[in-house]
Amino acid sequence: LKHFLTIDGLKREMLTEILDTAESFTGVSERVVKKVPLLRGKTICNLFFENSTRTRTTFEVAAKRLSADVLNLNVSTSSTTKGETLLDTLRNLEAMHVDMFVIRHSDSGAAHFFATHAAPHISVINAGDGQHAHPTQAMLDMFTIRRHKGDFTGLRVAIVGDILHSRVARSQILALNTLGTSEVRVIAPRTLLPSDPRTMGVHVFHDLEEGIRDVDVVIMLRLQKERMTGALLPSEHEYFQLYGLTEKRLKAAKPDAIVMHPGPINRGVEMDSQVADGPRSVILQQVSFGIAVRMAVMSMTMGTLAQGAAGR
Ligand code: CP
């Protein structure tokens, strides 16, 4: 696993290895308990061309738990604003002996571009590219589901909201199907679905209560307004009336169903605060588990896990 750019094409064994490795970094609670020397002497550069709260900071915490040095390039004050190209930015950071890039960009394929052009010793991790993929988010979501539900076989999972523009949903669907989830549902208005969603390996619903009936996991998504053109932009009030998750609507799911959201949440748009902060919500656990999962991906792509284990 040289780079981590997408879930597409990865085998079930690889996804399970990532989850198991993340498990080895965690304790019984969601708190990460271990600091390990696996990336000592390595330099990791966080390169975020789009805003982020959770992903950038959990990558930084994860890198520090792996004993790496971390560079956070502030893109808004960097020389990219003076017209420097992505390739020149890459070459200059390479000259500072960076060993890994964690990149987020609004263009689908930006992380792939970096991986193609980076020096051979460098690993690239995709922290979200356009509408394409957000693979570490999907893996931390799989980790959260496995912690709560055990095996994926037998599970019914519903993803609700803006599937069309969501890189998170695309990566989650690939991961859930690869891990053998019994049924993956998407629930959305037609305007927020790709033209043929069934090719993604999902069952499609347009009615929220029908779609979440008897599911084990409900994953809510934010309306990705920054990727919408005017015609697609729904009224937030109308959207909440039809697709907002409330405690009343959640009663249709299994009594022990968990509620997830990758964040950021728009309260009162895709979900009610009572649900977001309620007993079935595991939203903040997702954030915490992101540290261990990102530690796993970083140590596996750098190939240091086996070396580190051998050296202990
Ligand atoms: N889930 C997620 O990617 O959140 P951030 O945009 O805050 O990183």
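Start at Ile-159, which stands opposite Val-186 in strand S6. You're looking at a predicted model here, and this pair is a handy way into one of its sheets. Strand S5, residues 156-160, and strand S6, residues 183-187, pair in the parallel sense over five bridges. What holds such neighbours together in general? Strands of a sheet pair through backbone hydrogen bonds, either parallel or antiparallel.

Now let your eye drift outwards from S5 and S6. Five strands make up this open sheet, in the order S7-S6-S5-S8-S9, and the pairing is parallel. Which strands sit at the edges? They are S7 (203-205) and S9 (258-260), each of which pairs on one side only. If you ignore direction, neighbouring strands in this sheet are turned by 20 degrees against each other on average.

Time to zoom out to the domains. The domain assignment splits the protein into domain 1, made of 12-134 + 287-311, and domain 2, which covers 135-283. Their C-alpha centres lie 26 Å apart. Where the two domains touch, domain 1 brings 24 residues to the contact and domain 2 brings 22. On the domain 1 side, helix H1 (12-25), helix H2 (54-65), strand S4 (123-129) and helix H11 (283-301) each supply at least two residues. H11 gives the largest share of that side, with six residues. Sort the domain 1 side by class and you get 11 nonpolar, nine polar and four charged residues.

H11 is worth a closer look, along with helix H5 (residues 135-149). Two packed helices are described by the angle between their axes and the distance between the axes. For H5 and H11, the angle is about 115 degrees and the axes are 8 Å apart. The crossing of H5 past H11 is right-handed. Which residues meet there? From H5 come Thr-136, Met-139, Leu-140, Asp-141, Phe-143 and Thr-144, and they meet Gln-285, Gln-286, Phe-289, Gly-290, Val-293, Arg-294 and Val-297 in H11. By class, this contact has six nonpolar, five polar and two charged residues.

Last stop: the ligand. Around the ligand you'll find Ser-52, Thr-53, Arg-54, Thr-55, Gly-128, Gln-137, Pro-262, Gly-263 and Pro-264. How do these residues divide by class? Two are nonpolar, six are polar and one is charged. Both domains take part in this shell, since domain 1 and domain 2 each contribute at least three residues.

Definitions and conventions:
Residues are numbered from 1 along each chain as its sequence is written. This is a predicted model: local features need pLDDT of at least 70, side-chain atom pairs count only at pLDDT 80 or more; totals for chains, interfaces and linings use all residues. Domain bounds come from an automatic or database domain assignment. Two residues are in contact if their C-beta atoms, placed from the backbone, lie within 7 Å. Helices (H or I, at least four residues) and strands (E, at least two) are DSSP runs, numbered from the N terminus. Ala, Val, Leu, Ile, Met, Phe, Trp, Tyr, Cys and Pro count as nonpolar, Asp, Glu, Lys and Arg as charged, and the others, Gly among them, as polar. A residue is near a molecule or strand if its C-beta atom, placed from the backbone, lies within 6 Å of it. Two strands pair if DSSP finds at least two bridges between them. Axes are lines fitted to C-alpha atoms, for helices over the stretch in contact, and angles run from 0 to 180 degrees between N-to-C directions. A crossing is left-handed if the near helix is turned anticlockwise from the far one by less than a right angle, and right-handed if clockwise.
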